[in-house]
Amino acid sequence: MQEEYRTVARAGVHESEINRSRFICALAPAATEEEAQEFIARVRREHPTATHNCYAYVIGADSSVQKASDDGEPGGTAGVPMLQMLTRREVCYAVAVVTRYYGGVKLGAGGLIRAYGGVVGEALDALGTRTRRRFRLAAVTVGHQRAGRLENELRATGRTVREVRYGADVTIEIALPDADVEAFRRWLADATAGEARVELGGEAYDDA
């Protein structure tokens with residue numbers, strides 16, 4: 001797994017007008033190719049009378065899945081520059097759809113490339129990006145009497161608390177960088193006088 005990746009901070013829309021054509025970029029995070037396709041279909045439903053709905057998406061922390069569509073624009077003038085903007089900005093797990101309403105002025109191949117790539121770049125600037133880093137999931141189990149104080153101490157020391165479950169004991173699920181696992185075991189033993197147990201789980205990505 002990649003140690004970290006960058007993705008879109010949130011879903012949103014950014015619009016530009018170029019030579020009387022409206023270029024509306026809808027941008028969103030997408031965890032899977034199916035999510036990306038669903039987002040594209042939703043945008044197309046929202047703009048059924050648009051001249052074009054071009055798209056590009058990058059899925060995978062290593063950008064292993066990349067797709068783009070010109071949707072009727074001259075080949076290589078829309079989807080490809082959109083995809084290149086995403087990859088140049090090192091953004092993945094993201095989908096961009098640029099809806100164009102033609103304004104009557106032809107832009108030419110170079111103008112189209114600049115317009116489609118540029119509006120994606122502007123949308124990324126407007127919506128922002130966030131970095132997600134690989135973590136090891138760990139379940140900390142402790143008695144009810146110590147649980148509240150331990151949760152507060154975990155948060156106070158900068159640990160990422162993902163979930164708290166209450167049963168016979170309290171289980172606090174946290175995310176740890178791999179390099180911190182052994183140091184965390186020692187800290188936990190000191191903080192709870194050896195009363196807490198920690199069980200390591202799988203790996204996941206969380207906000208850095």
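Gly117 has a relative accessibility of 5% and therefore counts as buried, since the cut-off for a buried residue is under 20%. This value, like those that follow, is computed from a predicted model. Gly117 belongs to helix α3, which covers residues 108–127. Once the neighbours within four places in sequence are set aside, the contacts of Gly117 are with Pro81, Met82 and Met85. A further residue to consider here is Val80: 37 residues separate Val80 from Gly117 in sequence, while their C-alpha atoms lie 8.2 Å apart in space.

From this single residue the description may turn to the chain as a whole. The secondary structure of the protein chain consists of five helices and 10 strands. The radius of gyration of the chain is 23 Å, whereas the globule rule gives 17 Å for 208 residues; the chain is therefore more spread out than a compact globule. Along the principal axes, the C-alpha atoms fill a box of roughly 75 × 30 × 25 Å. Of the 208 residues, 44% count as buried. Among contacts in the chain with a separation of 6 or more, 71% are between residues 24 or more positions apart.

Helix α4 deserves separate attention. The helix runs through residues 144–156. At 1.5 Å a residue, its 13 residues should span 18 Å, and the C-alpha atoms at its ends are 19 Å apart, so the two values agree. Within α4, the buried residues are Ala147, Leu150, Glu151 and Leu154. The elements against which the buried residues of α4 pack are the strands β7 (129–142), β8 (160–166) and β9 (170–176), together with helix α5 (181–191). After α4 comes Gly158, which has a positive phi, near 85°.

Helix α4 also leads to the cavity in the model. How many cavities of 30 Å³ or more does the structure hold? The structure holds one of that volume or above. The largest cavity has a volume of about 40 Å³. Its lining is formed by Arg146, Arg149, Leu150, Glu153, Ala191 and Thr192. Helix α4 supplies the largest share of this lining, with four residues. By residue class, the lining of the largest cavity comprises two nonpolar residues, one polar residue and three charged residues. Leu150 thus appears in two parts of this account: Leu150 is one of the buried residues of α4, and Leu150 is also among the residues that line the largest cavity.

Terms used: Residues numbered from 1 in each chain as written. Predicted model: local features only at pLDDT ≥ 70, side-chain atom pairs only at ≥ 80, totals over all residues. Heavy atoms only, no water. 1 Å grid on protein atoms, 1.4 Å probe; cavity = no way out; pocket = protein on both sides within 12 Å on 5 of 7 lines; lining within 4 Å. Points joined across faces, edges and corners; volume = space filled by probe spheres on them. Nonpolar A, V, L, I, M, F, W, Y, C, P; charged D, E, K, R; others polar. Expected span 1.5 Å × (residues − 1). Buried < 20%, exposed > 50% of the residue type's maximum accessible area, 1.4 Å probe, protein only. Contact = heavy atoms within 4.5 Å. Rg over C-alpha atoms; globule rule 2.2 N^0.38 Å.
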